[in-house]
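Work through the exercises below with the structure in view. Each task is followed by a solution in steps.

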Amino acid sequence: MTIPVGAISALTPLPVLIPLFAAALTLIAGRRPRVQRFITVVALTAVVVVSALLLFLADRDGTFALQVGGWESPIGISLVVDRLSALMLLVSAIVLLAVMVYSIGQGIRDGNENQPVSIFLPTYLALSAGVCNAFLAGDLFNLFVGFEVLLAASFVLLTLGASADRVRAGVSYVMVSMVSSLIFLFGIALVYAATGTLNLAHMATRLDDVPSGTKTAIFAVLLVAFGIKAAVFPLSTWLPDSYPTAPAPVTAVFAGLLTKVGVYAIIRAHTLLFPDGSLDNVLMVCGLLTMLVGIFGSIAQSDIKRLLSFTLVSHIGYMVFGVALSTQSGLSGAIYYVAHHIIVQTTLFLVVGLIERQAGSSSLRRLGSLAAASPVLAIIFLIPALNLGGIPPFSGFIGKVALLQAGSAQGSVLAWILVAGGTVTSLLTLYVMARVWTKAFWRARADAPEGDLADNSPSVLLDDSSDIQLADREDVGRMPAFMLIPTIGLVAVGLALTVFAGRIIDISDRAAADLRDRSVYIDAVRGAEFLGDKTMDQVAGEEAGR
């Protein structure tokens, strides 16, 4: 089947335009919740379909770009689809759809009449558009715009319900994000001063003529901005205090996606703009510390939400490790691990929402006997928990093995230290997941230190992370089907990453090869134009000589 070039170009902006158009429609239908839900589900389903088609086309035909409005680069806005961005789009779209269905199920059970659903749905769609825009952005300022759309939507979602804890966490989150945005703007200014352009393809060639010290300084500034958003140590301390206070679906989509947008930005900047590896050792050290500090922090937690927030930080270290190796196998492992972690981490946070619904709390001090109370809940927790812990044959094991093999093949002292650190982190992650399993699911509730506070009595059930009494409803102990079904669906997607691991790794291998050969990206955006004093043939020649 041959798809015309015009049709491909028409598909490229749809992952951004569909959610934005749907957000406008949901605002118009603000007093009709059922219409809002229908529009949102249809829109996000369409994004999944379009993203799957874009991944198929990018993997079959290679990288392609759209110059928005007919303006040629570097003047106009470039939207670029390659294997990496298309894979991130598809995985993100699946997660966004699943979490939306979950939130609708939770909202129906909680009572929409008393919740700001008319605000939630369009804001969620705006968040979806921001995520997709960041993955498609072909210039640095458009990437900044994507981040800012995420920031604005995130603050609304994070403070939904306006409890004291949520507002406090939201203010902290916004302050940290604003600092990150200011640093990013400063980096944009530096890049523009050095190269005279913000188009990534154009910038990639002009940076070759910039002195190495200046390039390293610019890269360091951008890494700080992206590192805050990706929660890379020591820039990760904001995350465990921000995410656990939000509603379960909001926490799930934040944990699964938002930090990965920062990781994506690091991958793109490292491979396209600064491929010389000048800060690889710094990235390796940060990756190691991110792994260890995150997992040690999770061991100290008694609330499952905070525990998972620390494991989220910890596993960002694996992705940074793969990028810092500056090898095709390292990049391939990092790309596969990003896709795996988006699915698994989101699933686990959705399961925590079901635990709160079943037992009225997410505190390990109050939980017990959940396996007996709900065998289905036990199974849908156990599978992603083992996956996160890296038990074979799950995708977590496959991704970690790929990264550890890439590290041992690279062979430097730092790489071997990270191989050891990654192995220790994996074992400790398994310990943390086993701890949750034994205490929350296997132990008798009567043996929990505060087990008497974790029953179905509305007067005593209090969530540790907010001022909201979860049991001040008649539905504690019952899990709505529309919360359970998307969670099971994501468990199935996580298993599919294992079953079809060979094909997905093949895609990640080809994506890594494209990232290592910058001319693939530059050719797609710039064609045969002159880039300053260089032609595309000269660029390709320089890449061959690296």
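**Exercise 1. A pair of helices**

How are H13 and H17 oriented to each other?

Solution. The model is a predicted one.
Step 1. Find the two elements: helix H13 covers residues 304-324 and helix H17 covers residues 395-410.
Step 2. Take the geometry of the pair. Their axes come within 10 Å and cross at roughly 40 degrees.
Step 3. Compare the angle with the cut-offs. Angles under 35 degrees count as roughly parallel, and 65 to 115 as roughly perpendicular. H13 and H17 are therefore oblique to each other.
Step 4. Add the hand of the crossing: H13 passes H17 in a left-handed crossing.
Step 5. List the residues that meet. From H13 these are His 315, Tyr 318, Phe 321 and Gly 322, and from H17 they are Lys 400, Leu 403, Leu 404 and Gly 407.

**Exercise 2. Overall make-up**

State how many helices and strands the protein has, and what share of its residues counts as buried.

Solution.
Step 1. Count the elements: there are 22 helices and two strands.
Step 2. Turn to burial. The protein has 546 residues, and 61% of them count as buried.
Step 3. Look at the surface. About 19,500 Å² is exposed, with 67% of it supplied by carbon and sulfur atoms.
Step 4. Check how contacts span the sequence. Among contacts between residues at least 6 apart in sequence, 79% join residues at least 24 apart.

**Exercise 3. The nonpolar core**

Identify the residues with the most contacts inside the largest nonpolar core, and the helix that gives this core its largest share.

Solution.
Step 1. The largest nonpolar core has 178 residues, and Phe 184 and Phe 441 have the most contacts inside it.
Step 2. Helix H14 (residues 328-359) gives this core its largest share, 18 residues.
Step 3. Examine the surroundings of Phe 441, leaving aside neighbours within four places in sequence. Phe 441 is in contact with Ile 355, Ser 369, Leu 370, Ala 371, Leu 377, Ala 378, Phe 381 and Val 436.

**Exercise 4. H14 and its partner**

Describe how H14 and H16 pack.

Solution.
Step 1. Helix H16 spans residues 375-389, and its axis is 9 Å from that of H14, at an angle of about 150 degrees.
Step 2. Angles over 145 degrees count as roughly antiparallel, which makes H14 roughly antiparallel to H16.
Step 3. The crossing of these two helices is left-handed.
Step 4. Residues of H14 that take part include His 340, Val 344, Leu 348, Val 351 and Ile 355, while those of H16 include Leu 377, Phe 381, Pro 384 and Leu 388.

**Exercise 5. Two polar residues in helices**

Are Thr 425 and Ser 85 buried or exposed?

Solution.
Step 1. Thr 425 lies in helix H18 (residues 413-442). At 0% relative accessibility, Thr 425 counts as buried.
Step 2. Not counting residues up to four places away in sequence, Thr 425 touches Met 291, Leu 292, Ile 295, Ser 314 and Tyr 318. Tyr 318 is also one of the H13 residues that meet H17.
Step 3. Ser 85 is in helix H4 (residues 83-110). Its relative accessibility is 0%, so Ser 85 counts as buried.
Step 4. With neighbours within four places in sequence left aside, the contacts of Ser 85 are Val 80, Phe 135, Tyr 264 and Arg 268.

**Exercise 6. Backbone details in loops**

Which residues are joined by the cis peptide bonds described here, and how exposed are Ala 231 and Ser 369?

Solution.
Step 1. A cis peptide bond joins Phe 233 and Pro 234, with omega about 5 degrees. Pro 234 lies in the loop between H9 and helix H10.
Step 2. Another cis peptide bond joins Pro 392 and Pro 393, again with omega about 5 degrees. Pro 393 lies in the loop between H16 and H17.
Step 3. Ala 231 is not a glycine, but has a positive phi of about 65 degrees. Ala 231 lies in the loop between H9 and H10, and is buried, with a relative accessible area of 0%.
Step 4. Ser 369, also not a glycine, has a positive phi of about 60 degrees. Ser 369 lies in the loop between H14 and helix H15, and its relative accessible area of 28% makes Ser 369 partly exposed.

Note on methods
Residues numbered from 1 in each chain as written. Predicted model: local features only at pLDDT ≥ 70, side-chain atom pairs only at ≥ 80, totals over all residues. Heavy atoms only, no water. Helix = DSSP H or I, 4+ residues; strand = E, 2+ residues; numbered from the N terminus. Buried < 20%, exposed > 50% of the residue type's maximum accessible area, 1.4 Å probe, protein only. Contact = heavy atoms within 4.5 Å. Areas by Shrake-Rupley, 256 points an atom, 1.4 Å probe, with all protein chains shown as cover. Core = buried A, V, L, I, M, F, W, Y, C linked by side-chain atoms within 4.5 Å. Axes fitted to C-alpha atoms, helices over the stretch in contact; angles between N-to-C directions. Left-handed = near helix turned anticlockwise from the far one by under 90°.
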